[in-house]
Amino acid sequence: ILASQALIKDGTVMTKLIESCVSDRTFDVDSMINGDRNALMVAIRVTGYGNSYKIKAKCENCSHLNKVDVDLATLAIKRLNIKPVEAGANKFLFELPVTKKKVLFKFLTPKDEKQRSISRNFMKKFDGGIDNGITSILEHSIISIEGITDRSKIKHFVKYMPAYDSKSLRNFIKENEPGIDMSCDFQCTNCSHTTKTNLPVTTEFFWPST
């Protein structure tokens, strides 16, 4: 699967890889939240190539480029600490601090991300190349507002909602989304400063050169 140029070209190689490792063949891996998908991806990488993942990371203090050997088996798991409105459902409630409206939201899945990417590219053509990334995230995360599920009304509300409501909801989603912590600390070999860096998922992740 990893060697398939056709799957790499059309961007489905990771989906096909995860599908091949899930025992329940009826399960749609594109319906998984991104955190669960990332955790599976790391587990598959560890099983296939081992714990060691070599990256290059810049020191925030002196800008020296360090070679860092990350132990993937030590990455922390971020658990779900909020309760869904229905057991086992990807549906969560949040009250906006300014408008006081109750919002039902979900954590995005790969399927949502694909739709979001298509929508963003489409809108760029009509907005003079302006990227609406922030509103796009909320548009696809929100299931309903005060029980209203009409997508056009949700889109309109997101476009004109108070900035503090927007920021509060985005922060709440980010802080509570479960998954795997794709970051690590390293000590600079040049100045000994300790820096936290996010792990880049490059071609070396599943196509290691050594």
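**Exercise 1. Classify Ile77 by its accessibility, then place Ile77 in the fold.**

Step 1. Ile77 has a relative accessibility of 44%, so Ile77 counts as partly exposed. The model is a predicted one.
Step 2. Find the element. Ile77 sits in strand β3, residues 77-78.
Step 3. List the contacts, leaving aside neighbours within four places in sequence. Ile77 is in contact with Gly179 and Ile180.
Step 4. Check a distance. Gly35 lies 42 residues from Ile77 along the chain, and their C-alpha atoms are separated by 9.4 Å.

**Exercise 2. Describe how helices α2 and α3 cross, and which residues make the contact.**

Step 1. Recall the description. Two packed helices are described by the angle between their axes and the distance between those axes.
Step 2. Apply it. The axes of α2 (residues 13-21) and α3 (residues 34-49) come within 11 Å and cross at roughly 75°.
Step 3. Name the arrangement. Angles of 65 to 115 degrees count as roughly perpendicular, so α2 is roughly perpendicular to α3.
Step 4. Name the residues. From α2 come Met14, Thr15, Leu17, Ile18 and Cys21; from α3 come Arg37, Leu40, Met41 and Ile44.
Step 5. Sort them by class. The contact of α2 with α3 has seven nonpolar residues, one polar and one charged.

**Exercise 3. Work out how β8 and β9 pair, and which face of β9 is covered.**

Step 1. Take the pairing. β8 (residues 183-187) and β9 pair in the antiparallel sense, over five bridges. One bridge joins Gln187 to Thr194 of β9.
Step 2. Look at the connection. The two strands form a hairpin with six residues between them. In the turn, Ser192 has a positive phi of about 70°.
Step 3. Recall the rule. Side chains in a regular strand alternate between the two faces of the sheet.
Step 4. Read off the faces of β9 (residues 194-198). Thr195 and Thr197 make up the covered face, while Thr194, Lys196 and Asn198 make up the uncovered one.

**Exercise 4. Test the length of helix α7 and find what its buried residues pack against.**

Step 1. Compute the span. α7 (residues 163-176) has 14 residues and, at 1.5 Å a residue, should span 20 Å. The expected span uses one less than the number of residues.
Step 2. Compare. The end C-alpha atoms of α7 are 20 Å apart, which agrees.
Step 3. Pick out the buried residues. They are Asp165, Ser166, Ser168, Leu169, Ile173 and Asn176.
Step 4. Find the partners. The buried residues of α7 pack against β3, β4, β5, α5 and β6.

**Exercise 5. Decide whether His140 and Met161 are buried or exposed, and list their contacts.**

Step 1. Use the cut-off: buried means under 20% relative accessible area.
Step 2. His140, in helix α5, has 16% relative accessibility and therefore counts as buried. Its contacts beyond four places in sequence are Lys106, Leu108, Asp112, Gln115, Arg116, Ser119 and Arg151.
Step 3. Met161, in the loop between α6 and α7, is at 9% and therefore also buried. Beyond four places in sequence, Met161 touches Leu96, Leu138 and Ser166.

**Exercise 6. Compile phi, location and exposure for Lys100 and Glu146.**

Step 1. Lys100 is not a glycine, yet has a positive phi of about 65°. Lys100 lies in the loop between β4 and β5. At 48% relative accessibility, Lys100 is partly exposed.
Step 2. Glu146 is not a glycine either, and has a positive phi of about 50°. Glu146 lies in the loop between β6 and α6. Its relative accessible area is 45%, so Glu146 is partly exposed.

Conventions:
Residues are numbered from 1 along each chain as its sequence is written. This is a predicted model: local features need pLDDT of at least 70, side-chain atom pairs count only at pLDDT 80 or more; totals for chains, interfaces and linings use all residues. Side-chain values use heavy atoms; hydrogens and water are left out. Helices (H or I, at least four residues) and strands (E, at least two) are DSSP runs, numbered from the N terminus. Buried means under 20% relative accessible area, exposed over 50%, partly exposed in between (1.4 Å probe, protein chains only). Contact means heavy atoms within 4.5 Å. Axes are lines fitted to C-alpha atoms, for helices over the stretch in contact, and angles run from 0 to 180 degrees between N-to-C directions. Angles under 35 degrees count as roughly parallel, over 145 as roughly antiparallel, 65 to 115 as roughly perpendicular and the rest as oblique. Ala, Val, Leu, Ile, Met, Phe, Trp, Tyr, Cys and Pro count as nonpolar, Asp, Glu, Lys and Arg as charged, and the others, Gly among them, as polar. Two strands pair if DSSP finds at least two bridges between them.
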